[in-house]
Amino acid sequence: MGVPEQLADRMSMAEQHEYLRTKFSRRTMIRGGAVTLGAVTGGAFVTGATAQAAVPARTPKTAPAAEHVDGALVAPFGRHLAYGKDPRTEITVSWQVPVAVQKPFIRIGAHPWDLSRKIEAEVRTLYTPAGVGASGDHTQYYLHAELTHLKPGRTYYYGVGHAGFDPAAAHLLGTLGTFTTAPDHKAPFTFTAFGDEGVGYHGLANNSLLLGQNPAFHLHAGDIAYADPSGAGKPADTGFDSRIWDQFLAQTESVAKSVPWMPAYGNHDMEAWYSPNGYGGEDARWNLPDNGPDAKNLPGVYTFVYGNTAVISLDANDISFEIPANLGISGGTQTKWLETQLKKYRASKDVDFIVIFFHHCAYCTSTAHASEGGVRQEWVPLFEKYTVDLVINGHNHQYERTDVLKEGAVTKKLPIGGTAYPETEGVVYVTAGAAGRSLYAFTAPLSYEGHENEVDSVASYINTKDGKVNETVTWSRVRYLDYSFLRVDVTPAAKGRTATLTVRGIAETGAQVDHFTVARKAK
């Protein structure tokens, strides 16, 4: 992206951002070259009341001049949903337009023929000048509408538009989408998860299968679009192309327009041009719950509760020894916040299961990245202390699942079809990083449902502050090397009975490559 490799090797993400801004200031500030985050208004859907507009955000003077065209000629694309802090009553609808439009809005109602409620949308403009990667002068327009005061367990219809393009018009009813809020009680539901998708056939194929699972929501464990193909937090990669995001959001729209798409941020999601922490671009594209420890520096850290299950998204770039561009960015606040959330959820009578997802793997034997020592050092002790039920990672482009672990040792072998009891046994870790990018490799033979090949140990390594350290592990239970994703079926239970998470690895072909159960006595 413009920083010489020999400099990038020694620079933090903030230093790289400053370098790029200094380098491109003369050539871009005259024509406009800064990220513009927010310009119009936001609103809330309040049943039976008029939505109130938010205070307009400041538009930097360096933003490029917007050129408006006839809105009737511009169609929105890339719709994607995300929960607010409370999935029962809050959801954000986000989308993109290829050029600047006037008066963007969302219509919402309980029926497709009743979309009378009209709410203004917020515009976040993202500008990438020529020379920052391969995208040339490129301006992207992301729109967001935060909806609140929704009713739990209700399906809503919505349409997004702007002046000249009204989704309530008869000829545009085909552009409508739907979403369903979380119920206000414990009920069975399904969610899906994967990491490392990118743009291409395999990501598209996995998305097609996701719809068939009818998930309540989808977790993306980082490395989302791969606009930055280097993934090292180093802007020296001339392959950076902001337009990849346009392709990605169009690719995922078939699912994300109706299923909340909840991402964690990986190493390929740090883009140095936009902000000192590398997440300025992500701030423009996503509108995630802002209940994490530091929304400014760690926008991908948040939590929500759906039914009887608490979900926590973490940012492993903060503790990664392997890729240290953002190492220590939170100053330890993320880990402190994590423990606070775990303690709270374990004490809650409404929460049975805790599911955590993030990018870098706690336990994996891939030849590409293997295991992250920072995760084992900072977070694994907390996972064990508070008996986390399931940990989902990406980063390594394959499927791997561990036995039940505690203090780095196997406390119980967990064969395909087996059941884990985290309250007494330990934690199960799944690497689900085969969503679409090119696959990696294992040193041990593959072993998956219908093709089991048990081995006593596997040679691997762990990334530490002092570099790679070889290790021989006995916890690698399932290894599958093709495109796949996770399906998790959550079944609550009456107080004192057993609630379950049934976890399945699903191949791009639709075949099941792994399944196991996590069981816990319901509160």
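Mentor: Two rings of Phe, Tyr or Trp (taken by its six-membered ring) form a pair if their centres lie within 6.5 Å, and the pair is stacked with planes under 30 degrees apart, edge-to-face over 60 and tilted for the rest. This is a predicted model, in which local features need pLDDT of at least 70 and side-chain atom pairs count only at pLDDT 80 or more, while totals for chains, interfaces and linings use all residues. Residues are numbered from 1 along each chain as its sequence is written, and side-chain values use heavy atoms, without hydrogens and water.

Trainee: How many aromatic pairs does the structure hold?

Mentor: The count takes in pairs such as that of Phe 383 with Tyr 429, which is tilted, at 6.5 Å centre to centre and 45° between the planes. For the structure, the number of aromatic pairs is 22.

Trainee: How many residues apart in sequence are the parts that Phe 383 and Tyr 429 tie together?

Mentor: Both residues are buried (under 20% relative accessible area with a 1.4 Å probe and protein chains only; exposed is over 50%, partly exposed in between), since Phe 383 has 0% relative accessibility and Tyr 429 has a relative accessible area of 1%. Helices (H or I, at least four residues) and strands (E, at least two) are DSSP runs numbered from the N terminus. Phe 383 lies in helix H8 (residues 380–385) and Tyr 429 in strand S21 (residues 429–432), so the separation in sequence between the parts that this pair ties together is 46 residues.

Trainee: What kind of aromatic pair do Tyr 448 and Tyr 480 form?

Mentor: Tyr 448 is in the loop between S21 and strand S22 (458–464), and Tyr 480 is in strand S24 (residues 476–480), so that the pair links distant parts of the chain, 32 residues apart. Tyr 448 counts as buried at 18% relative accessibility, and Tyr 480, with a relative accessible area of 10%, is buried too. The centres are 4.9 Å apart and the planes meet at 75°, and the pair is therefore edge-to-face.

Trainee: Which residue has its ring under the charged end of Arg 437?

Mentor: A charge sits over a ring if NZ of Lys or CZ of Arg is within 6 Å of the ring centre and within 35 degrees of the ring normal. Lys 118 lies over the face of Phe 105, at 4.2 Å from the ring centre. For Arg 437, the charged end is 4.0 Å from the centre of the ring of Tyr 226.

Trainee: How many disulfides does the structure hold?

Mentor: A disulfide is a pair of cysteine sulfur atoms within 2.5 Å. Cys 361 is in no disulfide, because its nearest cysteine sulfur, that of Cys 364, is 4.4 Å away, and Cys 364 is likewise in no disulfide. Both are buried, Cys 361 at 0% relative accessibility and Cys 364 at 0% as well. The number of disulfides in the structure is zero.

Trainee: What arc around the axis of H6 do its buried residues cover?

Mentor: Helix H6 (residues 333–347) has 15 residues, and at 1.5 Å a residue, multiplied by one less than that number, the expected span of 21 Å agrees with its end C-alpha atoms being 21 Å apart. Its buried residues include Trp 337, Leu 338, Gln 341 and Tyr 345, whereas Lys 336, Lys 343 and Ala 347 are exposed on the other side. The arc is that of the directions from the helix axis to the C-beta atoms. The buried residues are on the same side of H6, because the arc that they cover is only 160°.
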